[in-house]
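Reader: Got a minute to go through this one with me? Let me pull it up first.

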Amino acid sequence: MADNRIYNFSAGPSMLPVPVLERCASEMLSYKGSGMSVMEMSHRSKVYDGIIKETEACLRRVLSIPENYKVLFLQGGASTQFAAIPMNLMKTGKADYAITGNFANNAYKEAVKFGDIHIAFTSKETGFDHVPTQSELQVRPDADYLYICANNTIFGTEYQYDPETPAGVPLVADMSSNILSKPVDVSKYGVIYAGAQKNMGPAGVTVVIVREDLLGSYPLDKYPVMLDWKTMADKESMYNTPPTYGIYVLGLVLEWVEQMGGVKAMQQRAEKRASLLYDYLDSQDFYKAVAQKASRSHMNVTFRTGSDELDAKFAKESAEAGMTNLKGHRSVGGMRASIYNAMPIEGVEYLLDFMKKFAAENA
Ligand SMILES: *Cc1c(COP(=O)(O)O)cnc(C)c1O
């Protein structure tokens with residue numbers, strides 16, 4: 001790693017691959033002989049058209065997205081989609097939500113404004129320390145969709161399977177914090193969406209992957225056009241100015257993922273990083289893992305010491321040791337190590353050494 005970089009365990013925005021940042025730097029003043037930065041380019045120019053088309057093509061290759069899905073590059077973050085989802089999908093006014101954390105709950109609260117929402121599952125009583133098993137998901141057969149949050153960034157839990165839904169009920173998944181970390185069978189989902197700033201690029205781009213037949217099945221004329229997926233799909237994400245620079249960086253990240261061996265390789269790397277931390281957590285009793293074993297996230301590892309003072313000391317001393325953003329989210333406390341695709345294994349080994357040393361000094 002470049003020697004002025006530190007190990008950044010931020011949950012998002014988070015680390016980007018160094019080769020991607022270097023590419024951005026080298027192309028900053030003149031992108032491929034155009035005499036201008038990608039930031040300065042008309043989104044309608046031929047050269048920019050090449051960038052957005054290649055970014056989409058690369059995402060389709062990397063995630064093996066079937067032909068009958070549209071890919072949209074939108075603004076407003078994942079949180080804007082919390083409203084766009086019911087708006088675009090609630091044909092009959094009924095939808096089901098699995099509430100597994102803060103973001104799933106925010107999505108639920110937004111959906112309630114649009115219709116009759118059934119809670120298919122919640123792990124609130126146990127502090128969101130797990131996701132449902134298939135049999136715990138209570139989905140109405142006439143729901144317009146089932147909503148899940150595939151990886152719960154704050155609590156450190158992740159679905160290890162693709163939930164089944166009753167026939168005709170599309171599955172909608174927020175993959176903001178685990179997209180590109182493993183292969184996904186897109187055909188099992190009606191909609192997959194993700195804010196870019198965890199595992200895909202800079203903040204400002206949100207990717208929506210939506211099955212074509214879910215678009216335009218009822219009129220949306222009372223709603224903001226910016227949230228209308230059909231319009232955005234028809235205009236190839238160019239109804240207005242798309243987040244041009246963010247899409248370009250996303251393209252570079254996707255190119256990097258491909259060069260590294262694709263999402264299969266990302267999965268192997270993620271499993272290696274996560275198991276280093278979880279194996280250690282399971283082998284001792286100074287720290288406690290927050291998430292239940294079967295629900296553990298490969299992207300966000302949450303743990304605590306059992307003492308608020310020691311947790312605070314950990315956050316302070318780890319920062320002094322050259323690591324940053326290890327303090328847990330305020331709603332969970334303790335620590336959280338976010339170990340997305342761009343985190344090198346050396347970063348996790350360095351953290352592990354620190355954890356052992358800290359435990360020995362403070363036990
Ligand atoms: C960060 C995050 C969000 C919120 O994303 P914004 O782009 O800030 O709106 C939503 N869902 C998940 C799973 C996240 O990790």
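**Cavities, pocket and ligand**

Author: Let's start inside: Asn8, Ser10, Ser14, Met15, Ser338, Tyr340 and Met343 line the second largest cavity. Keep in mind that this is a predicted model.

Reader: OK, and what volume does the second largest cavity have?

Author: About 30 Å³. Its lining divides into 3 nonpolar and 4 polar residues, with no charged ones.

Reader: How many cavities of 30 Å³ or more does the search find in the whole structure?

Author: It finds 2. The largest cavity has a volume of about 50 Å³.

Reader: Which residues line the largest cavity?

Author: Met15, Leu16 and Pro17 are among them, and so are Lys198, Asn199, Met200 and Gly201. Val253, Trp256, Asn341 and Ala342 are also in the lining. By class, the lining has 7 nonpolar, 3 polar and 1 charged residues.

Reader: Met15 rings a bell.

Author: Right, Met15 is in the lining of the largest cavity, and Met15 also lines the second largest one.

Reader: Lys198 was in your list too. How far is the side chain of Lys198 from the ligand?

Author: An N or O atom in the Lys198 side chain is 2.6 Å from an oxygen atom of the ligand. For the side chain of Gln197, an N or O atom sits 2.9 Å from a ligand oxygen. There's a backbone one as well: an N or O atom of the Ala78 main chain lies 3.0 Å from an oxygen of the ligand.

Reader: How much of the ligand does the protein bury?

Author: 86% of the 390 Å² that the ligand exposes when taken alone.

Reader: And which residues come nearest to the ligand?

Author: Of the 13 residues around the ligand, those are Ser79, Thr153, Asp174, Gln197 and Lys198. By class, the shell has 4 nonpolar, 7 polar and 2 charged residues.

Reader: Which helix gives the most to that shell?

Author: Helix H3, residues 77-89, with 4 residues.

Reader: Switching topic: what volume does the largest pocket have?

Author: About 270 Å³. The elements giving two or more residues to the lining of that pocket are helix H2 (46-62) and strand S2 (69-74). H2 has the largest share, 5 residues.

Reader: Which residues lie nearest the centre of the largest pocket?

Author: Lys53, Glu56, Lys235, Glu236 and Ser237, out of 15 lining residues. The lining as a whole divides into 6 nonpolar, 1 polar and 8 charged residues.

Reader: Now the backbone. Where is the cis peptide bond?

Author: From Gly12 to Pro13, with omega near -10°. Pro13 is in the loop between strand S1 (7-8) and helix H1 (18-26).

Reader: And what is the phi of Leu180?

Author: It's positive, about 70°, although Leu180 is not a glycine. Leu180 is placed in the loop between strand S8 (171-174) and strand S9 (191-195).

Reader: Why do you single those out?

Author: Because most residues other than glycine have a negative phi, and most peptide bonds are trans.

Reader: Last bit, the whole chain. How many helices and strands are there?

Author: The chain has 9 helices and 14 strands. Along its principal axes, the C-alpha trace spans about 60 × 55 × 30 Å.

Reader: How does the radius of gyration fit with a compact globule?

Author: It agrees, because a compact globule of 363 residues would have a radius of gyration near 21 Å, and the chain has 21 Å.

Conventions
Residues numbered from 1 in each chain as written. Predicted model: local features only at pLDDT ≥ 70, side-chain atom pairs only at ≥ 80, totals over all residues. Heavy atoms only, no water. Near = heavy atom within 4 Å. Polar contact = N/O pair within 3.5 Å; in protein donor to acceptor, adjacent residues only side chain to side chain. Areas by Shrake-Rupley, 256 points an atom, 1.4 Å probe, with all protein chains shown as cover. Nonpolar A, V, L, I, M, F, W, Y, C, P; charged D, E, K, R; others polar. 1 Å grid on protein atoms, 1.4 Å probe; cavity = no way out; pocket = protein on both sides within 12 Å on 5 of 7 lines; lining within 4 Å. Points joined across faces, edges and corners; volume = space filled by probe spheres on them. Rg over C-alpha atoms; globule rule 2.2 N^0.38 Å.
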